[in-house]
Amino acid sequence: MPKLVTVAVPCPLRRGFDYLWPESLGRDAEIGLRVSIPFGRQQLVGVVIALDVICDIPSNKLKGVLKVLEEQPSLPADLVQLGRWAAEYYHHPVGDCFAQMLPVVLRKASPPKERPAQYWQLSTNWEQLPQPASRAHQQISLLAVIRQAGQLSRRQIKDLGYSNAVLNALINGRYLQQADTPVAPIIDANNTELALNDEQQQAVLAVSNSLGQFARYLLDGVTGSGKTEVYLRSIAECLARGEQVLTLIPEIGLTPQTLERFESRFPGQVRALHSGLSDGERYRSWQDISSGRARILLGTRSAVFTPFQKLGLVIVDEEHDASYKQQEGWRYSARDIAVKRAADHNCPVVLGSATPSLDSLHNVGQDRYQLLELRERAGRASKPDIRLLDIRQQNLDEGLSKTLLDAAHDTLQAGNQVLIFLNRRGFSPLLQCHGCGWIANCQACDAKMTAHFGRRELRCHHCDAREALPNICPQCHNSQLIFQGPGTERLELSLKRHFPEVDVIRIDRDTTSAKGSMQSLVDGIRDGRPSILVGTQMLAKGHHFPDVTLVGIIDIDGGLFSADFRAPERSGQLLVQVAGRAGRADKPGRVYIQTHCPDHPALLALVSEGYQPFAQQLLAERQLLNLPPVSFSAVIRADASSLRCAEDFLAAIRAELAPGDNHWSIVGPLPAPMTRKAGRFRAALILQAERRPILHRQLATACRTGDQLPKHKSLRWSVDVDPIDLF
Ligand code: ADP
Ligand code: ZN
Ligand code: ZN
């Protein structure tokens with residue numbers, strides 16, 4: 001019998017492919033091996049995902065694997081299992097899943113050119129050698145660091161601030177030798193002065209007591225309540241058992257400060273994995289974790305697929321963050337997959353947030369997750385005072401109410417800083433002619449162009465179309481063009497006019513696109529001079545601004561009245577996150593929220609009672625309406641050069657699905673609220689079921705149907721399981 005294997009091949013088909021495993025390869029097949037295979041007229045890199053396959057195609061019709069690309073499988077069996085599970089769960093082509101699970105350098109057949117880094121450890125007889133001269137402080141200090149870390153590479157040693165000369169002196173003095181295999185670090189869990197408060201202690205105790213078994217925790221605590229400290233202590237406990245840790249962070253939360261904080265607590269043990277690194281750097285982190293050379297991975301979404309030698313703890317910080325959900329192609333949720341990995345490895349997982357998702361709160365309500373609360377701000381910072389400003393019938397100065405401007409004035413006078421939040425960049429979201437009412441619309445979208453004053457441009461924020469800002473109305477040639485409503489750029493100018501004596505710093509995608517610019521803006525704010533920060537949701541994450549004592553929120557009404565039932569949850573989270581940026585122990589903060597709906601019940605609950613009661617109220621509404629997370633949903637989206645074409649395709653899928661009943665419902669095809677985007681017309685089918693298996697059965701039928709249907713050449717379609725947006 002010839003040997004057959006199944007290979008995940010990077011192609012858009014929802015299946016693996018069977019190949020012969022010829023004797024000439026000179027070795028046995030193994031799960032997780034990267035192989036080169038013929039596919040059509042191409043040669044592709046695939047991953048072996050099943051052995052001893054039985055297949056009804058006669059073997060003389062099957063092609064053979066051409067080459068094995070590595071000695072040891074890149075992906076261990078647990079990740080191969082995970083990839084197969086995830087492909088099925090998200091109804092996504094398995095080959096694409098596996099390609100995405102691999103680091104970029106391993107997606108090609110040519111071996112990575114990376115030279116393995118050289119690591120140094122203490123030589124076996126270093127203690128017998130005469131100690132370095134007492135004036136060689138640097139050498140003595142580096143010896144101590146290497147002793148604690150177990151081993152360090154030249155690069156890491158340099159990053160820690162030691163010169164090459166210092167390292168070379170230790171090497172020449174034979175204090176150090178090359179480390180060929182990973183060396184265990186010395187873990188000092190109490191390598192910090194901080195005494196944990198009671199709630200922190202309880203949280204750390206709960207997590208450490210469940211090391212070695214699967215347990216799910218939701219760590220709920222406002223910004224500054226000491227969640228990170230809880231992570232660090234739990235990590236220390238896990239490392240002391242000789243195990244590794246996966247820590248996920250939203251992209252924007254992975255600041256140099258976070259990395260430094262981890263690195264200084266666990267020298268030499270931390271590796272980062274995020275989009276700011278080169279493919280080579282990412283591969284090196286991946287290797288160090290999968291070989292066990294490093295113990296802690298701190299990474300963004302795709303880091304969840306990194307192989308570990310011995311995974312002992314999983315942490316997902318800011319678990320509510322939308323960036324954990326990939327929004328194109330394979331629409332996986334890294335948070336959910338992180339929980340799955342903890343289950344696979346029999347270890348605890350901690351989801352942390354100041355504003356937990358309704359999903360996680362629901363899981364707490366169902367006793368699936370254990371709730372750990374940190375109610376006090378660590379270091380005794382007080383809670384900010386939050387107030388709604390009713391702006392109905394008020395005269396606004398470019399969006400700013402008099403009360404807010406007065407409060408800003410007082411704050412700056414007192415030597416403090418002000419943060420103004422508006423989730424809309426540009427100068428103005430709408431340009432209109434006073435003469436004839438013409439509006440600057442995007443040619444390709446059902447959307448208005450945003451005016452960018454500094455660049456003299458109109459831009460569409462949905463398709464990135466750009467035009468010169470007109471001086472006269474293109475329709476009636478009137479020169480009276482008016483800018484309706486503010487964006488951050490306009491607020492910046494207006495605040496500069498009101499407060500000419502202080503710095504006004506704008507933080508949004510337009511001012512932070514250059515590498516490092518975010519950091520230098522943030523550094524400018526953190527030096528503490530009286531100043532005003534104005535910006536979008538980029539302000540809400542990652543950075544803490546201790547000298548900000550007034551937060552002004554310009555406009556959140558939009559989020560309360562969106563067509564998507566998830567919008568209020570997201571607005572509430574954003575609001576709390578922004579408010580949480582401000583204040584510290586000796587400087588309590590104030591938060592003013594401008595609104596046209598001061599009586600909105602959810603908003604009132606949020607302001608007067610806090611995030612938890614607000615979220616419980618939203619959850620009760622979802623329960624009543626049987627919406628996720630109480631039920632399970634998926635969206636099938638289609639877009640094409642005409643709406644008809646997209647809708648017909650979805651209708652044909654719907655025709656093959658079970659009609660709705662008490663346990664299952666289907667809505668659509670519905671056109672998206674903004675139907676035309678970048679010249680394409682968009683529609684969706686919304687599927688919802690009481691139980692997951694029902695949903696997945698219907699999705700399987702939908703995918704089979706969709707794959708087989710004849711399609712207009714402009715048609716594109718996709719499946720989104722557990723969507724976070726409808727369109
Ligand atoms: P979070 O992750 O919830 O925002 P952090 O862990 O970053 O909170 O803690 C906020 C600040 O409080 C940090 O500067 C941290 O060093 C400090 N901190 C944390 N725990 C304590 C504690 N038990 N005692 C004193 N300070 C603490
Ligand atoms: Zn006009
Ligand atoms: Zn557009």
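Modeller: A donor here is an N, O or S atom within 2.8 Å of the metal. Keep that in mind for the zinc sites, and remember that this is a predicted model.

Colleague: Okay, what makes C433, C436, C473 and C476 donors of the zinc ion (ligand 2)?

Modeller: Their SG atoms lie 2.2 to 2.4 Å from the zinc ion (ligand 2). The cut-off is 2.8 Å, so these sulfurs count as donors. Along the chain, the donors of ligand 2 follow the spacing C-x2-C-x36-C-x2-C.

Colleague: Why is the site of the zinc ion (ligand 2) called tetrahedral?

Modeller: Angles among its four donor atoms run from 103 to 115°. Four donors count as tetrahedral if all angles lie between 85 and 135 degrees, so the label fits. For reference, the ideal angle for four tetrahedral donors is 109.5 degrees.

Colleague: How do you know whether C473 is buried or exposed?

Modeller: Buried means under 20% relative accessible area. C473 has 0%, so it counts as buried. C476, at 33%, counts as partly exposed, because that value sits between the 20% and 50% limits.

Colleague: What about the zinc ion (ligand 3): which residues are its protein donors?

Modeller: C442, C445, C460 and C463, each through SG, at 2.2 to 2.3 Å from the zinc ion (ligand 3). Their spacing in sequence is C-x2-C-x14-C-x2-C. Take the pair C445 and C463, 18 residues apart: C445 is in the loop between β18 (430-433) and β19 (450-452), and C463 is in the loop between β20 (457-459) and β21 (466-468).

Colleague: What makes the arrangement around ligand 3 tetrahedral?

Modeller: The four donor atoms subtend angles of 105 to 114°. That falls inside the 85 to 135 degrees window, so tetrahedral it is.

Colleague: And why is C445 called buried?

Modeller: C445 has 1% relative accessibility, so it counts as buried. C463 comes in at 25%, which means partly exposed.

Colleague: Let's leave the zincs. Where is I140 found, and why is I140 called partly exposed?

Modeller: I140 is in helix α3 (residues 137-149). Its relative accessible area is 38%; partly exposed covers values between 20% and 50%, so I140 belongs there. Leaving aside neighbours within four places in sequence, I140 is in contact with P132, A133 and S134.

Colleague: What separates I140 from D557?

Modeller: Along the chain, 417 residues; between their C-alpha atoms, 60 Å. On the domain scale, the centres of domain 1 (4-107) and domain 4 (385-426 + 487-623) are separated by 50 Å.

Technical notes. Residues are numbered from 1 along each chain as its sequence is written. Chains are lettered from A and ligands numbered from 1 in the order in which they are written. This is a predicted model: local features need pLDDT of at least 70, side-chain atom pairs count only at pLDDT 80 or more; totals for chains, interfaces and linings use all residues. Side-chain values use heavy atoms; hydrogens and water are left out. Domain bounds come from an automatic or database domain assignment. Donors are N, O and S atoms within 2.8 Å of the metal (3.2 Å for Na, K and Ca); water is not among the atoms, so sites may look incomplete. Four donors count as tetrahedral if all angles lie between 85 and 135 degrees; four count as square planar and six as octahedral if opposite donors are over 155 degrees apart and all others between 65 and 115; anything else is irregular. Helices (H or I, at least four residues) and strands (E, at least two) are DSSP runs, numbered from the N terminus. Buried means under 20% relative accessible area, exposed over 50%, partly exposed in between (1.4 Å probe, protein chains only). Contact means heavy atoms within 4.5 Å.
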